[in-house]
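Q: I have a protein model open in front of me. Please show me how to read it, one feature at a time.

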Amino acid sequence: TQDFVAALTPAQRTVAARPFDDRERTQWAFVPGRYAGGEFGDLSPAADAAMRALSRIKARALICAPGISSNALEKWRGQGIEIATRPLNLDGLLGGCDFALPYCGHGIVAQLLLSGVPLLMFPDHLERFLTAWRVHLLGAGIIVNPEAAATPLAPLMQALLRESRYRQQAQAFAGRHAGFDVATAEAGILRDIQRLIGDLPAATG
């Protein structure tokens with residue numbers, strides 16, 4: 001419990017940690033509603049810092065945040081920020097996108113680069129950091145340590161907006177892979193898996 005409380009931000013700790021004799025500690029219910037305490041869907045420090053930076057540069061932003069808490073939703077909705085609580089179909093949206101802020105899953109990074117969109121990246125584990133590092137080497141994005149909430153993000157966002165080199169590199173990637181087709185790639189992967197399974201020796205009792 002102490003490790004869990006220590007991992008919270010000061011604001012989250014204020015909401016979540018209560019005196020032992022606080023009456024709210026005994027108010028349990030199993031129906032939807034607003035209750036005292038922290039919510040698992042509250043934004044991480046890195047995401048909260050990104051929201052503040054977007055607001056500071058007066059960006060119009062569309063945020064996809066399934067599972068976001070009602071507290072965070074009320075805090076950030078508006079101010080030029082729209083929050084989607086369900087997954088989005090990005091087809092038709094990326095053409096007008098100046099930059100994106102992914103956690104660097106391979107699929108979303110590929111889709112963004114294939115659309116020529118530069119990235120401000122928040123990798124949250126090693127595999128995603130390796131993906132982000134490749135984008136960095138391409139010159140198509142900037143990596144942020146998501147555990148460093150004090151990193152000034154607004155200047156990095158302004159750099160992606162003002163310095164054309166990031167978009168140029170993202171568009172160059174898109175040009176090199178203009179013939180890429182997701183369905184064809186998926187079919188090829190499936191064929192490879194089926195071939196590998198077919199090459200396996202039969203199981204014996």
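The dialogue below goes through cores, a helix, a loop residue, salt bridges and cysteines.

A: Start with one caution. This is a predicted model. Keep that in mind at each step.

Q: Which residues of the largest nonpolar core touch the most other members?

A: To read a core, look for buried nonpolar side chains that touch one another. Here the largest nonpolar core has 27 residues. L54, I63, I81, I83, L153 and M157 touch the most other members.

Q: Which helices and strands each supply at least two residues of this core?

A: Helices α3 (45–56), α4 (70–76) and α7 (154–162) do. So do strands β1 (61–64) and β2 (81–84). The largest share comes from α3, with six residues.

Q: What is L54 in contact with, leaving aside its neighbours within four places in sequence?

A: Skipping those sequence neighbours leaves contacts from elsewhere along the chain. For L54, they are A59, A61, I63, I81, F99 and M157. Three of these names, I63, I81 and M157, you have already met in the core.

Q: How many residues are in the other core that lies apart from this one?

A: It has 16 residues. L112, L113, M121 and A132 are among them.

Q: Now a helix. How far does α6 reach from its first C-alpha to its last?

A: Compare the span with the one expected for the number of residues. Helix α6 covers residues 126–138, 13 in number. It reaches 19 Å, close to the 18 Å expected at 1.5 Å a residue.

Q: Which residues of α6 are buried, and which are exposed?

A: A residue is called buried under 20% relative accessible area, and exposed over 50%. In α6, T131, A132 and V135 are buried. Seen down the axis, the buried residues of α6 fall within an arc of 95°, so they line one face of the helix. On the other side of α6, L126, R134 and L137 are exposed.

Q: What covers the buried residues of α6?

A: The cover includes helix α5 (106–114) and strands β3 (119–121) and β4 (141–143).

Q: Which residue follows α6, and what is its phi?

A: Check the backbone just past the helix. G139 follows α6, and its phi is positive, near 85°.

Q: Where does L101 lie?

A: Place a loop residue by naming the elements on either side. L101 lies in the loop between β2 and α5. Its relative accessibility is 30%, so L101 counts as partly exposed. Leaving aside neighbours within four places in sequence, L101 is in contact with A50, L120, F122 and M157. Look also at I63, which is 38 residues from L101 along the chain. The C-alpha atoms of L101 and I63 are separated by 9.1 Å.

Q: How many salt bridges does the structure hold?

A: Look for a side-chain nitrogen of Lys or Arg within 4 Å of a carboxyl oxygen of Asp or Glu. The structure holds two salt bridges. R128 pairs with D124, and their closest N and O atoms are 3.1 Å apart. R165 pairs with E163 at 2.8 Å, N to O.

Q: Are those four residues buried or exposed?

A: They fall in between. R128 is partly exposed at 28%, and D124 is partly exposed at 42%. R165 is partly exposed at 47%, and E163 is partly exposed at 32%.

Q: How many disulfides does the structure hold?

A: Zero. Look at two cysteines anyway. C64 is partly exposed, with a relative accessible area of 40%. C97 is buried, at 19%.

Note on methods. Residues numbered from 1 in each chain as written. Predicted model: local features only at pLDDT ≥ 70, side-chain atom pairs only at ≥ 80, totals over all residues. Heavy atoms only, no water. Disulfide = S-S within 2.5 Å. Buried < 20%, exposed > 50% of the residue type's maximum accessible area, 1.4 Å probe, protein only. Core = buried A, V, L, I, M, F, W, Y, C linked by side-chain atoms within 4.5 Å. Helix = DSSP H or I, 4+ residues; strand = E, 2+ residues; numbered from the N terminus. Contact = heavy atoms within 4.5 Å. Expected span 1.5 Å × (residues − 1). Arc of directions from axis to C-beta.
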